[in-house]
Every structure is written in structure tokens, then in C-alpha cells.
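Here are my notes after going through the model you sent over. They are in numbered points, so you can reply to each one separately.

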Amino acid sequence: MAVFDTPEEAFGVLRPICVQLTKTQTVENVEQLQAQLQAVSDSALQQLQQYILFPLRFALKTPGPKRERLIQSVVECLTFVLSSTCVKEQELLRELFSELSACLYSPNSQKPATVSEELKLAVIQGLSTLMHSAYGDIVVTFYEPSMLPRLGFAVSLLLGLAEQEKSKQIKIAALKCLQVLLLQCECDDHPRSLDELEQKQLGDLFAAFLPGISTALTRVITGDFKQGHTIVVCSLKIFYRTVGFIMADEQLRRISTVQEKPAVEHQVAKLMVHREADWVKSTGDKLTILLKKIIEGVSVHPHWKVRLELVELVEVLLLKCTQSLVESAGPLLKALVGLLNDESPDVQARCHKVLRHFADQKVVVGNRAFADILAEHLHSLATSLPRLMNSQDDQGKFSTLSLLLGYLRLLGPKVNFVLNSVAHLQRLSKALIQVLELDVADIKIVEERRWNSDHLSTSPKTSASRPWSQIQRRYFRFFTDERVFLLLRQVCQLLGFYGNLYLLVDHFLELYHESVVYRKQAAMVLNELVVGAAGLEVENLHEKHIKTSPEELSEIVTSILEEYTSQENWHLVTCVEAEEMGEELTMQQSGLQAITSGSSTCQVTSFPAFSKPSPTICSMNSNIWQICIQLEGIGHFAHALGADFRLLLMSALYPVLEKAGDQTLLISQAATSAMMDICLACGYDSLQHLINQNSDYLVNGISLNLRHLSLHPHTPKVLEVMLRNSDASLLPLVADVVQDVLDTLDQFYDKRATSFVGVLHALLAALAQWFPDTGDLGQPQAQSVGEKGSHSSPRPAALEKGLEKSTTAEDIEQFLLNYLKEKDVADGNVSDFDNEEEEQSDPPTVDENDTVPDVEPPRPVQIQIAADVMERCIHLLSDKNLKIRLKVLRTLGGKCGDFLRSRFCKDVLPKLAGSLVTQATVSARAGPVYSHTLAFKLQLAVLQGLGPLCEKLDLGEGDLNKVADACLIYLSAKQPVKLQEAARRVFLHLMKVDPDSTWFLLNELYCPEQLTPPHPSLHPVQLRGAVGQQNPYTANVLLLLQELQ
Amino acid sequence: MAAPPPPPPDPQFVLRGTQSAVHALHFCGGAQGQGRPLLLSGSQRGLVHIWSLQTRRAVAILDGHRGQCVTWLQTLPQGHQLLSQGRDLKLCLWDLAEGRNTVVDSVHLESVGFCRGSILAGSQQHWTLAVPGRGSDEVQILEMPSKTSVCTLKPEADAKPGMPMCLELWQADSSPRPLLLAGYEDGSVALWDVSERKVCSRVACHTEPVIGLDFDSQKARGVSGSAEKALAVWSLDEQQALQVCGTHKLTNPGISDIKIRPDHKILATAGWDHRVRVFHWRTMKPLAVLAFHSASVHCVAFAPDGLLAAGSKDERISIWSLYPRT
């Protein structure tokens, strides 16, 4: 609250103090004056400004040594006055400016005088306040050429302080003051903007300081990170504002070639700079050097605000000084682009905004020079990319790729200029191919198998909303950081979005063909190109860019798809265990060799399924990845095309489904997720829905491939999967294809029966599921019975009944039993029909009509199918291959009990038991590699199959003993753990059938406790298994006995 | 190890779902920009399936013959109209425009034979239809769409060629007079001048009834097949006289349909031996045996773009892409 409102009052109070101060200059007097000034109103102070300033200035000007403390308080008091008043006279302003600057002048050195930090701070603040208090137009006139020396002194003084002081406070104050001095102050006190002429004059004046300012600030900016971010941010700001002002294209355009004669003395005139073309060129060159230094230092500055300021710097300089700093455009763009993927979201956002701004302003595209520079950079980056990827660490790769990504973003559609040059495209693609090289040495890839083949998970909605963007974990040779892979994908997507898709796809398909070494990488690139071309996930900076039309994209996808699913790229060797091949022993050996030799030498070669040389682990891994990548691509394509992909399902669904049933875990996972993608893209609720709705396409593929089974050995698997996921509405289609299957099976009984038995199993299970025992007449069979029902021959009652109900598995089973009996009777062979079966060499269908024509009933379709299947199964029961027999037995399993039991006990069991016993000695001695052999797998399969069979077939005591004897050996601790487990499971099943004898048998092996008779008159029981005596069977027997109790 | 022999040719794809034997096939659209190409098939159970060749699925099913076998399908050149001939003695005219599928007209037939009809579409509005007539050896000519009977072609009393088995109406470039080629039960092929109602020429081609014939009016040459083990190729000279140029032995007897491709380069036969055979039309050199079906092939058809379709008793329609024209 001012006490003295009028100048008269104030004068009365202040006069004695001023007089006293003029006489004796002491700190106390100054402080007294300042204290009194507090009580004077601003308007009064303004009136008395000159009067009050006089003693203060006098104190500063008095010659002779002065005490720093005094000067400091004088300056502070002066600052106070200036902060409350305006300086309205030019002369006063200039004098005060000189007097304040002189406070820090040391006549002997270039550097600021060695005075106390407080004084320095006071002077800086004084100068700053002075410039703020300058009133209106006098500020502009202040910057006259004649002021050049004095201004120059102040500028270099402030720069020196900013650079060399230790105190952060002084540094910042000096920088702020410099801002004010260079008319860059951000406060609201400078409302007037400069007109063109004024700008030019100022520019001319400041140009003289440019070398000093830019070099000093560069030193500050590139100084130690520890100096704090505020100083760097502030320095950067002054740097780009000053440069942006002096080098502004707009100003330079108006500079005449001849320098006007300035109306100043010669000395000063010599200092003046004329900003003509040569000066601009040389200054630009020098600035480029400084800018490079700055960018190098700042783009890796740990504080995000500094990096943010760098973005601002790029924006300002690129927008204002396009021509004058054309040499710096490259480094500036590089800096910007490099920050696009900054870890700070603020920096990223600002970068994107700036880029969008550039795009809007056509800074890059509208400017040939810029586009050329970018293209050149892209080219040189592409050239060095392979080398960089080899030598850089992940962080280095990350920034290099960020840069690449940024160039592509900036170039947008103009990227085609680069791609259209063969050399450019080749460098870029070679680099991508090299970086994306996978590490295929991991043995796990081959090893991980899918054991239960039962169900595909059903709903695509269970996974994330965009499952297509999730990718199986890959291992690359040249990097481990996931972010690097992400960047690579983005790079490819951008290429696909902006580039000429036909050109790119052609090029990468060529690479795909060129060598197995490139194939996987090329496929990865192709996948991302398509995603990018569809405009998914791509932020478009170039609004006029027209993306690839759906028709074109669809056409391109079709051709890639054709390539992916062609025989030689789709059916690759992925495992040594080729169950279809007959020569098991030779396979077993070569398989072992492949494992041992494969791990030492790592050659990547691709083998189509039908070529013979034994594949190495590496080549199989490589094949697995290739298939996975192609599957993933199909998912991507579906996503890119959306509902348009439906038309491609006729060619794509079959191959994908085929891989969904693959034994290799990775492949089957990839196929399943590809199907999920297809579901989402084409609007199917679930995989089941997808398969069901497109069964006609699948059936088409299955039927055609069955014609060339040796080339398409997995066809039955596809049918299997299809059957599992279909419903009764597809019966006509199924009936159609089953006929093909059975015909083919008839041709290939010897070689490929195993895979067919799986189908037959699935088929019967499906039929049983589709036509459950509902008690009433199902629609289809009622209809067909009605249609064909003109059958008058006497039929067995059971058959009649079976036909009428006819929809359950039990009925099918009943029917088959009756049918078999009937057939035996017809053959006149009641007592021993097994022999008859074995002697019969033709497929049963052939003689069926001859032997029992009358019994041929008008069967509903599903019954007909079931009967046909059963006939094949019977035939297969005597197959040489144990595995097939087991599968057949399990297929028929509980459905044809009695007949099967006798067949099983007579024919199959002895062989199974025999093989188990003989193999046991081998497996007991075998090492860890043994579990990779076919022999092991066979043992395991037999053990796993025996238990359920014994239970289902309800074997008698003698046969159970045979089973038990054969399996006992496998309870030994010497056997591989998996076999032990399987054997234990057999015994668990045996316990269910006959717990007592199993108990006895186990106790014979090992007796955990002495059995005490319930009554002393009874003999003590002595079992063969000695009590407490450890033997190899102890552990497993104990486990099993626990189960029994 | 020797490289595996190249696999036998496969159909491009197979259409399933007619659920009964296929007796008639006809392509429409696709060539003159009439939208997506379609394939029409007629089944034993009287249904006409319209297949989209793009999705390979039936887009519509027409039921107009009361469960009786559909033996002939033909679209009219001017638009979305389809003729279907059924064993229910009815010839239906369907309107298929804009997704409609309704019978707009029908002609009552008076012959229960196997003979398929034939049309000659001259002007935009009017067209001529040949169908087997009331008498067992007659052919009836109708003016459509008015259904007015133009004439009945009855062989001379002493000729006794038996029933007409297949018909082909055509018009020479030089004259506007409609001509009719008819294959008869006695194995002869006759050329009728429709306006004069007289036989121009008749030639015995087969010893068994003629079951299918096709005629190439550019080369004035035709081909016919019958139940026997041979194809007959015959030609027409300037005096409109038919003469047999030669016969070509087949491995197995029985041809149920025969078609020359629209570009007159190749021809295809539908065999009772489950095979489709392809011949070079000029030289009659056998080019391919297409084995896919598991029962008699009943009909073959060529699309304007050269695609071949074969319909069989095994309820499937196989689509083949043969020697695509470049």
C-alpha cells in the first residue's frame, strides 16, 4: 500500500535520502532509499524516476575502486525502480544499458570480471528489467547499428556467464536475459510485433552475433548432461529462435545484393554483416556442423524435455529456413524421424504432430530438394542397413530402424521413387531379408509335439480382440529385442501401404523363389506388405494417397496364397517319424543319424515331402517355421481382406485345416490361430462354424487329393478334423466323400491304412453323435426307408429292429453283429469264423452281393456308411502293422465286444504281448535318445492301448494274465519313465476288471508287508515277493497297491 | 529314384449337392458382361440348380418339374430367361432377372422320349423352338413366345427312321432359312429344311440310336455319338447333302452327350464308361481322357470362356479347365 501517492509528497520524503546517498555512498544509504521507495506509488515514482536514478547512477559511475557489496545494492535498487517504472527516453535506456553492462566489465580480460555471484545475478536481472521497462518504440530504435558494439559486449558477457558460471541460477538468468535482449522474451510485456523492415534491420544487426551465439550455445547444449535440462532446453530455444530469425528464408529473400551504406562510423560499419548469398551459404555450412553436433548430443539426452525441444528446433528450422539451411535438412529430418519412436509419449506425440504439420505444409513432398535428400538418406541407410544390423546392438538396431521407419513415413507415396530404382529396392530388400533371418537351431521346435489331436478350441472370441496381431515368438539370429521385430513389421507395412504393391510383391516373391535361405524372411515381409496395403495399423500422413483397391489386393493375395500352398512350399518335411512309410527300421536308423548329425552341422535346406535325403534338425526347424509363417500370412490376408476373404476359402481352408492337424505343436498352433483370424474376418462365430459352413470346399479338396494320396498323405487328417466339427446336416456331403475315402483305402490297404483308420474312427464317432438315440424315428432314415422300402425278403428280427431305431452307436453295433452272424451262416461256416475272415483276401464289399444278396437291406445313409466302414475295419484287423491293429481295435472297441474279444485273444494279443516282452530288454538298457525312436513309440502305443482294450473287451482271466505278464516287466525302474507310467496305467485298468488277481500278481513281485493270517490255525501266507527287500519293481508296485486300497 | 509320373489331370473343382443324378448342364453369363458366370444343372429329381462359378455354390434351386428328370436347359440370348425341359412333359420358361425365379410360361410336350429340344433365336423378340412332336417320329416346330405351331416335321412314310433322339436348329450364314439337324433312333442323321418341311438329306451314321450330336456351322461339319463304340463325323456340302467323313473308335461303348467348344477347337463327349473324352475337332485326335466320375457321365457343357462341365449319375458335376485359350 503506497503511502505517498503524489510526486510532491514523495519528493519531500525521498529528497534527503537521495542527497545523502549522493554524498556518502554506503550500502546503508542505498538500503534506506530502497526502503523508502517501497512506500511510493508507481505513478509518483515514474515522475521522479530520473531524480531517483541520479544518485544511484552516480554511485556506479564514481571512478575508483568500489566495494562489490555497494554496487550490488545499488544495482538492486536500480532494478527495483526500473521494475516499477518505464524508461521513456532513448538516451537513458542506452546509458543505463552501458552502465549496467560495465559492472561486470573487467578491462584486462575477455571474461566477465571476477566478482561475487550475487553481483552477477543482480546485474543480469538489472539488464533484464531494464529491457522490459523500455517503453514502446524506443526498444526498436535502441537496436541501431550504432549500438552494435555495446550490444555485442552484453551478448558476449551473457554468453560467457551462461557457459562458464558454476551456479545454475546465474546460467539460467543469463540465458533468460539473452532471450530478452534478442527480443525472444516470452512474457506478455512486448505486445508489438515487428514489421518487415524492422525485422530485416534487426536481422542485419543480430547477424553479427550469430557466430558467437551459435558456437557458445552449442558448447552449452552439448555439455555435460549433469548441468540439468533447463539450461539445455533454454539454450536450444535461443539457438533455434536466433538462427530461425536471422536465417529465415522470408527475410533473406528480400536482401539486396548490394549492401546499403549504413549511416554509422567506419569502425561500426566494419562490424555490420550483409546477409547476401555467399554469407548465407557459408553460414549455412557452419551451422550444419553445429547442428550435427547438437543433434548427435541431444537426441540421446536422457531428459525427455530436451528431446522435445529438439523436435521444436527441427520444426522451426525446417519450416523457416528450408532454403538457407538446405544442407542441414538431412540431419534435421533424421533427428525428427529418429525421435518418432521415442520412449517418451510426449516426444512421440509432438513428433507425429510435427510430421503431420510438415505433410500438411508439403514441406517434404512439396519440396524436391527435401524429397531428394530423404530418398538419398533412405538409400544410404538401406545400403548400410545390413552392416548396421550385423554390428549394432539391439538398441542401435532399434534407433536405426526407427529412422528407416521415419523416412518411409515422411516420404509417403514418394517412396516409390526409391523403390522404382532396382538398386534401391534390392538394397532395401536384402537388408530386410538379412535382418529377419531366423535362428533355427533350437531342437525344441521339432520336438514339441501335439499329443492330443482331439479338439480345436472353438471360439475366436476367447482370444484378444485382435488376435491377428499376435505372433508366435520368433528367435532371430541378429537380434533378440521384440521391439526390433515390431519395427521391422511396421517398416514392411509402410512399404506395403505407400509402395507399389505389385512391384514389391513381385520382388519378394522372386526372393522367395530364389533360395530357401530367403524364403522365410520373404514370406514374413509379404505378410506384412499385405497388412500394410490394406491400410490397417498404418497412420497415413499423406491424405491424398490412394491405397490399394480391394480388388487388386484380393488378386495379389490370391497369387501369394497360391504360392504358399503349392506342393513344394506347403508339404515340407517337419519330422523324422513318417508313419506312413513302411520301412520302419530303416527310418528309425536314419532318424537317429539325422538327430546326431543334424545338431553338429547346421545346413538349412528344404525338402519336399517326397524327396528322400534324411533331413537335419535345422532343415526341419526351418521348414516348420516356414509353414508357420505362411499360416500366419493366411491369417493376415484374411484380416486384410475381411469378408472378401470368403471367396478365397475354397483354396485356403483346406491347407490350413490340414496343418491344424499337424503333429508339430508350433504348426498346429499357427494353423489354429490362422483359422481364428479367418473366423473373425469372415464373420464366423467359431472354428466349428467356419468348418461346417465351408465343408463343401473341404470335401472338394479332400476328394481331389485322395486321387493323389502319395502326394497328399495328410488328406485323411483333414477329413478327420472336418468330421469332428460338422453336424448331421452335412450327411449327404459326408456320404459322398466317404465313398471316395473307402475307395482310396481299398487301393492303399498296405501303405497308408493308419491314417485312414483315424478317419474311420472319427466318422463312426460323428455318426453316433449326429444320430443319437432319441427314441423316435429320425427324419432322414424314415424318409429313405420309405423311399426304398419295397423289400419283401424275410429279415432277422434284430436287423429289422436295428433299422427302425437305427440311429445310435449301439444300433450300428447291433446291426454289425447281426450282419456278421448272418454272413457266417450264409457262408456255411458257423463254428470258426475267424479262419474264414483270415482266408478271405478280397475286400468284403466285393463278395457281399454274391453271398448274401437277400440280406442287403435298404439302409439309411448313415447305416450304410457305418456298415461300409466296419467291413474295412474287419479287413484291417489282420494288418501286419501293430499300430493299425491297435487303432482298429480301439475303433471297434466296445462296439462289437464278443466277436472282437475272440479275435483279439487269438490273433492280436499274443503278438502284442510277444513284442512287448522282446522289446522290454532293449528299452531297459536304452539311453535317453531311445525315446526318440519308433520302437519306443510303438511300445508306448501298445501299452497305452492295452489297458482300455482289456477293460472294454472284458477279457477272461487267462488273457488278462497274458497282458499282465507282458506289462509287468515295464514296472521295472530300469525302464524309461514314460513306459513305466503307461504300464502302471495298464494295471489300473486291470484292477477294474479283476482286482484280486492283480493284487496277487503285484504282491508276487514285491510284498510291502508281512501278511499275518487272521487266525493262528491258518498257515502263514508266503508270497514270492520278499518282504521289505528292495527290487527294481518296488516303487511302481507300491504306487499301484496304494491305488488298490 | 525316378521322379513320380505326373498325376492324371484333375477337375478344377467339383460341385456337389444335387443329391441326384445330373442330366443337363448349361453355362450362362460371364462372357458378354452379364454379371458373374453361372452354371445351370438339371437333376433326376426334377430340380434345376443355379451354381455360382465364383463361390462354387448353388445360389438358387428351381423346382418346376414335379420331381421328374430335367433333360434340357437353355437360356435365351437376350436375357435372363431359361428354358427347362422335363420328363413331366413340360417345357418351362423361367424368368431369372433380378433374382426372380418364377415360371412365366410353359409348353406342354407330347413325347415322352429322351429327345432334348433345340432353339434358334433370330430376332430379339421371336425365336424358334424344336421339340419332339406328338407322333413318335415327329418333330414339332413352334414360334415363340407366342407358342404358335409353325409345322410338324414328319419323315416320309417309307423312311421309318424311328423316334428323333436329338435336335439341333441352326441357320446358315448365307440364308435366313432355319435348318434342323435331327438324330434318329435308327442311327441316321437328317437335315430338314424347316420352311419347306422336307428332308434335304439323310445319312446313316450309326447302327445304334443317335444319342447326341453337335454341329459346327462354320466348318459345316458335325459329330454324333450313339450307344456304340464309335463317334461319327459328317459334313454338309453346298448342295446341303450330308455325308459321313469318318468314324472314330472309342475304347468303351456309349456316348450320352457331345459338345463342340464355342471356339470350334475341341470337342468333349460324355461317356457311359464314367469318362469324359476330349478330341481335337479338326483332326479328331484324342487329346485327353478325363477320369473322375464314378458313374456314367450324362452331359457335358462348355462355357463361353472354354470351361468344361460334366454332369454324372454319381451326383457330381466336375468342372475342368482344358487348354485355356491364350
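1. Let's start with a pair of strands in chain B, bearing in mind that this is a predicted model. Strand β6 (residues 70-75) of chain B and β7(B) line up antiparallel, with five bridges between them. If you want a spot to click on, Gln74(B) has Leu83(B) in β7(B) as its bridge partner.

2. β7(B) also pairs on with strand β8 (residues 90-95) of chain B, again antiparallel, and here six bridges do the joining. One residue pair to look up is Gly86(B), whose bridge partner in β8(B) is Lys90(B). The connection between β7(B) and β8(B) is a hairpin with three residues in between. Check the backbone of Leu89(B) in that turn: its phi is positive, about 65 degrees.

3. How much of strand β7 (residues 81-86) of chain B is buried? Five of its six residues are, so the strand counts as mostly covered, with buried taken as under 20% relative accessible area. As a reminder for anyone looking at side chains here, those in a regular strand alternate between the two faces of the sheet.

4. Further along chain B there is another enclosed strand. Strand β14 (residues 164-171) of chain B has six of its eight residues buried, and therefore the rest of the structure largely encloses it. Its antiparallel partner is strand β15 (residues 178-184) of chain B, and seven bridges hold the pairing. A hairpin of six residues links β14(B) to β15(B). Gln171(B) sits opposite Pro178(B) in β15(B).

5. Now the contact between the chains. Chain B puts in 18 residues, and chain A puts in 18 residues as well. Between them, chain B and chain A bury about 1,600 Å², with 48% of that on carbon and sulfur atoms.

6. What about charged pairs across the interface? The rule finds six salt bridges between chain B and chain A. One of them to look at has the side chains of Asp736(A) and Arg16(B) meeting at 3.0 Å, N to O. On the side of chain B that touches chain A, the residues split into nine nonpolar, four polar and five charged.

7. Last item, on polar contacts. Across the interface of chain B and chain A, 13 residue pairs come up in polar contact, with both residues at pLDDT 80 or more.

How values were computed: Residues are numbered from 1 along each chain as its sequence is written. Chains are lettered from A and ligands numbered from 1 in the order in which they are written. This is a predicted model: local features need pLDDT of at least 70, side-chain atom pairs count only at pLDDT 80 or more; totals for chains, interfaces and linings use all residues. Side-chain values use heavy atoms; hydrogens and water are left out. Buried means under 20% relative accessible area, exposed over 50%, partly exposed in between (1.4 Å probe, protein chains only). Helices (H or I, at least four residues) and strands (E, at least two) are DSSP runs, numbered from the N terminus. Two strands pair if DSSP finds at least two bridges between them. Contact means heavy atoms within 4.5 Å. Buried area is the accessible area (1.4 Å probe) that two parts lose on being put together, summed over both. A salt bridge is a side-chain nitrogen of Lys or Arg within 4 Å of a carboxyl oxygen of Asp or Glu. A polar contact is a pair of N or O atoms within 3.5 Å; within protein, one must be able to donate a hydrogen and the other to accept it, and residues adjacent in sequence count only if both atoms are side-chain atoms. Ala, Val, Leu, Ile, Met, Phe, Trp, Tyr, Cys and Pro count as nonpolar, Asp, Glu, Lys and Arg as charged, and the others, Gly among them, as polar.
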